[in-house]
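Please open the structure in your viewer and keep the selection tool at hand. The tour below proceeds stop by stop, stating what to select and what is found there.

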Amino acid sequence: MTAEHQRLAVNALKPIPLAQWGPYLSERQWGTVREDYGPWGDAWNYFPFDHSHCRVYKWGEDGIAGISDYLQNLCFSVALWNGKDAILKERLFGLGNNEGNHGEDVKELYYYLDNIPTHAYMEYLYKYPQQEFPYKKLKEENRKRGHLDPEYEILDTGVFDDNRYFDVLVTYAKQSDQDIFIKISITNRYSKPADIHVLPHLWYYNRWSNKQMQQKPAITRVNKTTVKASHENLGNYYFYFQPATDSLFTDNETNTETVNGIPNESIYVKDAIHRAVIKNENTEQLRKRNAGTKFAAIYKATLAAGETKTIYCRLSNQVMDNAFVRGFADIFTIRKQEADDYYAAILPKGMNDDMARIQRQALAGLLWSKQYYHFDVERWLSTSDGITPVNEGKQKGRNSDWKHLKNQDIISMPDKWEYPWYAAWDLAFQCISMAVADPTFAKHQLLLIMREWYMKPDGQLPAYEWNFSDVNPPVQAWAALQVYHIEKKQNGKGDIVFLKKIFQKLLINFTWWINRKDLKGDSIFEGGFLGLDNIGVFNRSSHFSNKMQLEQADGTSWMGTYALDMMDIAIEIAQYDESFEDTATKFFEHFVLIAEALNDHYLWNEEDKFYYDVLCVPGADPVPLKIQSIVGLTPLFAVSTIDKAALDKLGDFKKRLAWFENYRIRNKKFWPNEERGDGEQLLLSLIPKERLEFLVKKLLDENGFLSPGGIRALSKYHKEHPYSVTVDGHEHSIQYDPGDSTSDMFGGNSNWRGPVWMPINFLIIQSIRRYGEFYGDSLLVDYPTGSGIKMNLIQVARELTKRVISLFEKDSSGQRKCYGEYNSFYQQPGNEHLVPFFEYFHGDTGRGLGASHQTGWTALVAELISEYGAEQSEERRPAQAI
């Protein structure tokens, strides 16, 4: 047991398996739905970036490389000033949805270098330009660009040319969970001296203005290098810092004069330290003040070319005379070694150094992306933020039917800048990667979103704060099984109690799907866009006239997958508790009916050998929407095998299965099962074998779905063959779009019309491998299609894994596909090991696109690397003598 394993064992005994302090500070609180009190639902404009430094947030805080306690009472982060900017660099800058030519986008360079589950050791790197930060240029240039143009990124502005920037490395090492050392190392990467102001700062989340506290908290001066932070719930903490150039106090209160023209009652407002440092405004008053709710120590330095300056701080609940005793910095070396030991224990051996770094940075990003999320919808609807009165537009608008939702938790976020809010299906994928590092927390997250303060009373899960009522694919049961098996593989024992808990809640959600999304009761499901944004030729969440109905191949397939996963969970539990056997039978029968509907109705197109969505018009023939996209590949995901040994333990289930098979075959009804020749395993799949072969042929076609970096979301076939359809007098078209979105659909900041998406590739690889384990060499296919190179499906799954991993790996010239045209910057000394984890990847080149820190579901590459590394280790293991 490593030191980190021991800390995790302590955490596992807590009601919430969390460290009290962690990277729980968001990287963007402005522009969120929670902070929008206006009547129009225009969150980006209601609380823009320009207000973030001077206006108080109501539902959380943000900062750079920051930490907070798990209720976000007290926050710490690092602010910077290069002597040229009009504001302190206190938070990450990016464009709002209406400002970018492809929607919202962060315009900064920062990297999650290291982290472990208890956050006893963490590293974060931020790159800060020495020239004026190009806020204006980034806005203006992106406004000039259209949907067909690439985004204008910060590396395009020239501010990082000639290495004219600072590397700011922030490292945390815990002495204990309430005693945290902080190291801030600033390196001048330029060839000439440069000035820098560094402001480690501490502040309280403003709860007192909402009257949520009996007593306002306070940060008070103890001496020149210590302040005391007192809070009625958190207790007392002490912030120790090395001798500084200056130190200033203010309050976390809105500058009403700046925000809405109302004179301030006091000079001690949120941006007072900004004004003091940059404009020398009220500096003496802030310096003489000895208390407040926001405090900053200020370090001014001129760094020679290549010089590094290091500042140490300490946040502790302990009173001490000397916080920095001789040898104190050794804690960073100790905790770093403990992090190395932890990853050495949990990750597969034998990977090359580059692949090992990719995996560790992916997990670091996932762990850095834990965030405090606070949102009480009922209170939000019925109260004012002090700027806009309670209004009917908000009360009857977005999320007004989700008044039961009262969230205040630490949640794994897709991306703490671009998506600083949870999304139901993202979270499911994130938990799979999380299970590699911290299975206890992964289980906690899956159960959390099922709790009554998230799930609607009717069983619907909240999609995301922009519209909790949107429908995402129901992947929670599948994710629960994945997490269960990852943990079981790690320690040899599965957590049946976890499976029982989540199964009970999933029953409620499954019932909601059956009752709400199968309108005709024929096991053909709808669901709208189902998380795939612009995948359709039109918005699949649209309501049509003339009683038109869109019957969805993926909605139906997701439900087949859901039923099969529920059956698998019930069978696993029934190995230990026979009372679940009947439920396994129930979900098996659901699965059979859905499989029949998918294959015997009109979703399968015999001419094209592919599954399509179908538009049904009363009195007319169904119209297949002939789009070759992952919509038609989702039937692959519903695949499972039952071993004979497990089946023999379930006599009633086995008997019912045999009866059902005989009945359906006798009556010439669809039957989705296939038994292996040796009789040791049973395959359950939505897809008959001959249709599987047709789908795999399309899947592995390099002129179709198969790209150098994995499976495309839309086939390249549509590059030369765009598809159009006329609905309600309007023509809608779709074509292969391998890069950024050229559509405004769903905000235009993500694109499913050609790029490679990690979660879909992960599902495809897992499914293809499962088929391969059943069929073995009895099913061989060309890889790639038409190559004449025959492989079984296990081998195909491995080759697909290698393609996906190659998005991040260095090639022979030291370049990575994901960097695209910015490879030269990342080949400079010190940058060569920095790996961003993008939201999706160009369908031809593999260049990273969308959100740049989507760890998040792109962290699934860590699990793919684990599986690939385990296979490599197994192959290298010497054969044992018989």
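Within what distance do the axes of helix H12 and helix H13 come, and at roughly what angle do they cross? Before answering, please note that the model is predicted.

**First stop: H12 and H13**

Select residues 439-448 for helix H12 and residues 476-491 for helix H13; their axes come within 10 Å and cross at roughly 160°. Because angles over 145 degrees count as roughly antiparallel, H12 is described as roughly antiparallel to H13. The crossing of these two helices, H12 and H13, is left-handed.

Next, display the side chains where the helices meet. From H12, select Pro439, Ala442, Lys443 and Leu446; from H13, select Ala479, Ala480, Val483, Glu487 and Gln490, which they meet. Sorted by class, this contact of H12 with H13 comprises six nonpolar residues, one polar residue and two charged residues.

Remain on H13 and select His485, which is located in this helix. Is His485 buried or exposed? His485 falls between those terms: it is partly exposed, with a relative accessible area of 38%. Add Asp495 to the selection: it stands ten residues from His485 in sequence, and the C-alpha to C-alpha separation of the pair in space is 9.1 Å.

**Second stop: H19 and H21**

Move to helix H19, residues 689-699, and helix H21, residues 758-775. Here the axes come within 13 Å, with a crossing at roughly 135°. That angle makes H19 oblique to H21. The crossing of H19 and H21 is left-handed.

Which residues of H19 and H21 meet? Lys689, Leu692, Val696 and Leu699 of H19 meet Ile764, Ile768, Tyr771 and Tyr775 of H21. By class, the contact of H19 with H21 holds seven nonpolar residues, no polar residues and one charged residue.

**Third stop: a sheet of three strands**

Select strands S25, S27 and S26, which in that order form an open sheet with antiparallel pairing. Strand S25 (639-643) and strand S26 (673-675) are the edge strands, each pairing on one side only. From one strand to the next, the twist averages 20°.

Now restrict the view to S25 and strand S27 (residues 681-685), which pair in the antiparallel sense over five bridges. To locate one bridge, select Ile642 and its partner in S27, Leu682. Then add helix H15 (residues 553-574), which packs on the sheet and touches S25 and S27. The direction of H15 makes about 25° with that of S25.

**Fourth stop: a sheet of six strands**

Finally, select the six strands of another open sheet, whose order is S1-S2-S3-S10-S16-S14 and whose pairing is antiparallel. Which strands stand at the edges? They are strand S1 (21-22) and strand S14 (246-250); each has a single partner strand, so one side of each is left without a neighbour in the sheet.

Within this sheet, select strand S2 (residues 67-69) and strand S3 (residues 74-81), which run antiparallel and are joined by two bridges. Ile67 has Phe76 as its bridge partner in S3.

To complete the tour, add helix H5 (residues 272-279). This helix lies across S3, strand S10 (194-204), S14 and strand S16 (294-303), and runs at about 145° to S14.

Methods
Residues numbered from 1 in each chain as written. Predicted model: local features only at pLDDT ≥ 70, side-chain atom pairs only at ≥ 80, totals over all residues. Heavy atoms only, no water. Pairing = 2+ DSSP bridges. Helix = DSSP H or I, 4+ residues; strand = E, 2+ residues; numbered from the N terminus. Axes fitted to C-alpha atoms, helices over the stretch in contact; angles between N-to-C directions. Contact = heavy atoms within 4.5 Å. Parallel < 35°, antiparallel > 145°, perpendicular 65-115°, else oblique. Left-handed = near helix turned anticlockwise from the far one by under 90°. Nonpolar A, V, L, I, M, F, W, Y, C, P; charged D, E, K, R; others polar. Buried < 20%, exposed > 50% of the residue type's maximum accessible area, 1.4 Å probe, protein only.
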